[in-house]
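Reader: I am new to this structure and would like to understand what its descriptive terms rest on. Could you take me through them one by one?

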Amino acid sequence: DCSGMSKKNPEYDFKWCPGCGDFGVRRALEMAMIDRLEETGLPIENNVVVAGIGCSGNLVHLLEGRQPYGFHGIHGRSLPISLGVKMARPELNVVVVAGDGDFLSIGAEHIGPQAARNLNICAVIMDNGVYGLTKGQSSPTTKLGEITSSTPFGKIESQLNPLELYLTLGVSFIASGFSGQVRPLAKLITQGMEHKGFSIIHVQSPCTTYNDTFEMLKGNVQKGIEPGLWEIPEDHDTSDKGAAQQLLQQGGVPVGVLYNDTFRPSMDQQVEQMWTRANPKTVQELVDAFEF
Ligand code: SF4
């Protein structure tokens, strides 16, 4: 088992179990950040990775190669932290890395407000249907009836469909990917980072220790297991929310861009416009306004 940390330096030496899906997500994010650097010429420090708590959030410590800024905050609050970073430094590219436990349980209350603001960040969510770091409790995306360490008689809550939730809450760019397809996933992350507004790349990233779903996702011909993953057809109209909802009715795990609203202004664009209208005074002007 992993438990994320080693004995050498229990506080800072983060580790993942062999085969964990999060390795693929890390590689995809590294690729997307390098592509962005080559594309825009902006330095790697122009990226800020804000991490949630969990095996997925440990990604911020495990990135290889050139390092972006990293912020490992508190459980469930990756979105409020990103809001703060983006408000103070709108020119930075803010990427959230979190899991189904952090983002969809304690953190779920923040998705709606940021979707309404169209906060200009990209969230990469690693979904393994379990709390891996704390040794296998059920999460919002664990299947109904599943036996886990916290549900020894079967889970009684129904399984959340995160893609349906994001669509309903008005997230303006929604994509679904798989940790085992690194290059296509990197492309989805790039699209999400380029999107002007709130983007979520929801990734199936299996936990090899507590909930190994690789076979269920990829299928196994010998065992007669059909793959759960299926490609979103190229002719899918990503601007059509109704079409996105219909795709989700097909079940399984779609892969590709589900929804993309390119018309809504992002929060930073709106704030910038507001500043022009508000015509704010400089600090010096405010000081000078007082007579001493
Ligand atoms: Fe290990 Fe699972 Fe955590 Fe991955 S998500 S590091 S496989 S416990």
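Author: Let me begin with the terms for elements: helices, of at least four residues, and strands, of at least two, are DSSP runs numbered from the N terminus. In this predicted model, Asn 46 lies in the loop between helix H1, residues 22-40, and strand S1, residues 47-51.

Reader: Why is Asn 46 called buried?

Author: Buried means under 20% relative accessible area, and Asn 46 has a relative accessibility of 9%, so it counts as buried.

Reader: Which residues does Asn 46 touch, not counting residues up to four places away in sequence?

Author: With that exclusion, Asn 46 touches Arg 36, Glu 91, Leu 92 and Asn 93, where a contact means heavy atoms within 4.5 Å.

Reader: What makes Gly 242 count as buried, exposed or partly exposed?

Author: Exposed means over 50% and buried under 20%, with partly exposed in between; the relative accessibility of Gly 242 is 35%, and therefore Gly 242 counts as partly exposed. This glycine is found in helix H9, and its C-alpha atom is separated by 30 Å from that of Gly 145, which is 97 residues apart from it along the chain.

Reader: Which residues of helix H9 are buried, and how do you know that they line one face of the helix?

Author: The buried residues of H9, which spans residues 241-248, are Ala 243, Ala 244, Leu 247 and Leu 248. Looking down the axis of H9, one finds these buried residues within an arc of 145°, so they line one face of the helix. As a general point, an α-helix has 3.6 residues a turn, so residues three or four places apart point the same way.

Reader: What do the buried residues of H9 pack against?

Author: They pack against helix H6 (162-169), strand S7 (229-231) and strand S8 (253-260).

Reader: Turning to the whole protein chain, how many helices and strands does it have, and why is it called as compact as a globular protein of that length?

Author: The protein chain has 11 helices and eight strands. Its radius of gyration is 20 Å, close to the 19 Å that the globule rule gives for 292 residues, so the chain is as compact as a globular protein of that length.

Reader: How much of the protein chain is buried, and what share of its contacts joins residues at least 24 apart?

Author: Buried residues make up 51% of the 292 residues. Among contacts between residues at least 6 apart in sequence, 65% join residues at least 24 apart.

Conventions:
Residues numbered from 1 in each chain as written. Predicted model: local features only at pLDDT ≥ 70, side-chain atom pairs only at ≥ 80, totals over all residues. Heavy atoms only, no water. Rg over C-alpha atoms; globule rule 2.2 N^0.38 Å. Buried < 20%, exposed > 50% of the residue type's maximum accessible area, 1.4 Å probe, protein only. Arc of directions from axis to C-beta.
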